[in-house]
Amino acid sequence: MSLSEQVVATDVLIIGAGAAGLFAAIRAKEAGVDVVVVDKAQSGFGGASPIGMQLINCAFPGDDIDHFALGVIDYSGYLADQDIVYAIIGESYDRIQDLLRWGVEFMREEKGGMRTQITDQPYSAEYKSRLVYPAPPGRPVHMLKIKAAALGLGVKFVDRVMLTDLLTSEGKVVGAVGFHTQQGGFYQFKAKAVVVASGTFSLPPKTVYYPGATGMALALRAGAELINMEQGKLFKCERGHRGQGVGGSSMSTYFSDYGEWWGTRYVNAKGEEFMEKYELGQRLPGRRHWGPDWRLFIPAIYREWKEGKGPCYMDLSGCANYWELLRKLYDGYCDDHVREWDYLAAVRGTLPISEVWRVPAELSIGTGGLDIGGGIRVNVDSETRVPGLYAAGTVTETCAGVAYGAASSLTACFTQGHRAGINAAKYAQNHPEPVVNEEEVKRLKRELYAPLEREAGITPDDLLANVAVIVYRSDVIKNESRLKRAVEGLRELREDAANLVAKDYHYLRKCHRAKDTLALYDINARTSLIRTESRGDHYREDYPLMDNDDWLKWLVVRLIAGKIQITAEEIPFEGKGWKHRPKPGKIDIWRLKE
Amino acid sequence: MPEIDLELCMGCGVCEYVCPNDVIRMRGQKAYVEYPEDCVSIRNCWLCLKACPVDAISWKDHTDNIRIEFTASFAWEERKRAWGVSTESKSRARPPT
């Protein structure tokens, strides 16, 4: 096999061209260093950012930043690094100004000011946050504008290249290797600093987002720490029921985000509103906004099933004027999404959206992929513990309160990308040309193409589906025996993963994704087993209490000599002088209403 | 999943360019859905369909591609069958060509 080989030398290498990666690229380039951005899709179209550009959290001057931060920190079960949360919220207004400068448009009021809304945070009506709305919502056009700003500065882009490993020398990161996912050519990047901004990952069934697990896994292999890996978020999706709905249309996002504010109810098979049983249900008087927050739902739905009252549904009959409310909120901007819905409805022979809201409708609730909340551990300057390696966006410990959904995760991407870019450029300016170990490059290249050489083995699709079956079985409602079975099952799959086969370069890309996804869900299962309490997005059936006496700890994962090592580390509330501290004692999140 | 009308396709390649999951490939002067299994076809992707300048792309429904209902989340055997997962973890793959 003779393949083309490319060697690219630069100051700062950025992995991933989403919101975090592009912010980092622009900031590093502005600081006067050479920047190359690598993406495995066409940059600007890939990743989760184009889809997420619907709602952005932002604190305007004069807003109560303490209050916004507390909401995020409380949501994270006090796992959030409070320095990072304050940085993200405190700088959010400046980042929105950056976006405006680059030509990103936002919805405006009649008088011309930016349309903003202070809303309840999803977890509790006690905490608020402010939202701004890019216009049109959820379209790649915004990312293309940011990319255009980067191109204007002279940032270089390398598209359709997947990076599989970082190059290290004397404990420092000095570059990365990868391959072209269409032509197969080998790429070697020499860089003084690397920013990983490749997003978080999810599982089949078909996931919403395109990013893969490789970014997180390659940082771990290069010596970075992962943190909060037991946190997992099961996203929901509405699925067509009785012919009215269209599961999978972009409009279904709006059902979940707004429907609940406007009277959608969640009911079990008998038509009972099950969330009302819980004291938690009382925390949101007058509204039923459980939307983005599956973790509140899952145990409740599970109980309904155990009592023989499943499946559970979204009952839309309570918000007959939903359609008008949505129009009012989004002016003309939702028409595009409406056209999508109607087109898909026509393909499937179901009702157009204008009709859906006229009939007493029900949508059943589907799973929308299980995202891992944890990620690469960074400090407030987006540095990892490996010199020369930075990380930004959802590839970092997003669960740590900085992200509960599209809105605030974008805010986090902007600020973390901004800081990673500035600091990586500074690092690159102060360090000499990297020295790459050619033997290491040869070894990594051999490993990279190995699945193409094998004659027989497991396909990446089969491996991922097997991982998904094990993970959904153990990870939605966790308990000790399920998790132990999962660890066992994933160990068997690791043997299979050594025999992945690819029939072409497209499949080679999937092989790397599957292998790394398996490795990270394995870490997820092992850390879940260790955390014997429920906190944040981690719910243990056998330990349902949030234990603030013994478990105000982070679980930190390192890879030492090929072995996963997990240590519990006290959260430094005292040491760092953090403002917000949880109440002591054991707290039952799932108290029934008296 | 996109369906490409080869009579209309003029071979500009914009669909291949925009697809985030590398589903569409150009073969000569025509676009083909090369890896249908990787099309996410959910939420607001449909980039190929919107990008095509001559409306040669339409949508074919592919229900397996959407999602598994929550009802199935606790019905593991059914779920496995629905996904076509072999119960044996070691399955044979086609050798590379």
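## Chain B at a glance

Let's start with contacts in chain B: if you take those between residues at least 6 apart in sequence, 51% join residues at least 24 apart. Keep in mind that this is a predicted model. Chain B is built from three helices and four strands, and walking along the sequence you meet them in the pattern β-α-β-β-α-β-α.

How much of chain B is buried? Of its 97 residues, 49% are. The chain exposes about 4,900 Å², and carbon and sulfur atoms supply 50% of that area.

## Chain A at a glance

Now for chain A, which has 594 residues, 66% of them buried. Its elements are 16 helices and 20 strands. When you look at contacts with a separation of 6 or more in chain A, residues 24 or more positions apart account for 75%. Chain A exposes about 20,300 Å², with carbon and sulfur atoms supplying 50% of it.

## A four-stranded sheet

Find the open sheet of four strands in chain A, ordered 15-10-18-19 with antiparallel pairing. Which strands stand at its edges? They are strand 15 (375-376) and strand 19 (563-570) of chain A; each has a single partner strand, so one side of each is left without a neighbour in the sheet. As background, strands of a sheet pair through backbone hydrogen bonds, either parallel or antiparallel.

Zoom in on strand 18 (residues 553-560) and strand 19 of chain A, which pair in the antiparallel sense over eight bridges. You can pick out partners here: Leu559(A) is bridged to Ile564(A) in strand 19, and Arg558(A) sits opposite Gln565(A) in that strand. These two strands form a hairpin with two residues between them, and in it Ala561(A) takes a positive phi near 50°.

Something also lies across this sheet. Helix 16 (residues 505-530) of chain A crosses strand 10 (226-227), strand 18 and strand 19, and runs at about 40° to strand 19.

## The nonpolar cores

The largest nonpolar core has 90 residues, and the members touching the most others are Phe189(A) and Ile376(A). Helix 16 of chain A gives the most to this core, contributing 10 residues. There is also a second, separate core of 44 residues, with Leu22(A), Ile26(A), Val33(A) and Leu410(A) among them.

What does Ile376(A) touch, leaving out residues up to four places away in sequence? Its contacts include Val196(A), Met216(A), Ala219(A), Leu226(A), Ala391(A) and Val395(A). Not every neighbour is nonpolar in name, either: Glu225(A), Thr384(A), Thr396(A) and Glu397(A) are also among the residues that Ile376(A) touches.

## Two residues with unusual phi

Here's a bit of background: most residues other than glycine have a negative phi. Tyr78(A) has a positive value, with phi near 65°. You'll find Tyr78(A) in the loop between helix 3 (65-75) and helix 4 (82-101) of chain A. Is Tyr78(A) buried or exposed? With a relative accessible area of 9%, Tyr78(A) counts as buried, because the cut-off for that is under 20%.

Asn228(A) isn't a glycine either, yet its phi is positive at about 60°. Asn228(A) belongs to the loop between strand 10 and strand 11 (232-239) of chain A. Its relative accessible area is 0%, so Asn228(A) is buried too.

Technical notes: Residues numbered from 1 in each chain as written. Chains lettered and ligands numbered in written order. Predicted model: local features only at pLDDT ≥ 70, side-chain atom pairs only at ≥ 80, totals over all residues. Heavy atoms only, no water. Pairing = 2+ DSSP bridges. Contact = heavy atoms within 4.5 Å. Axes fitted to C-alpha atoms, helices over the stretch in contact; angles between N-to-C directions. Buried < 20%, exposed > 50% of the residue type's maximum accessible area, 1.4 Å probe, protein only. Core = buried A, V, L, I, M, F, W, Y, C linked by side-chain atoms within 4.5 Å. Areas by Shrake-Rupley, 256 points an atom, 1.4 Å probe, with all protein chains shown as cover.
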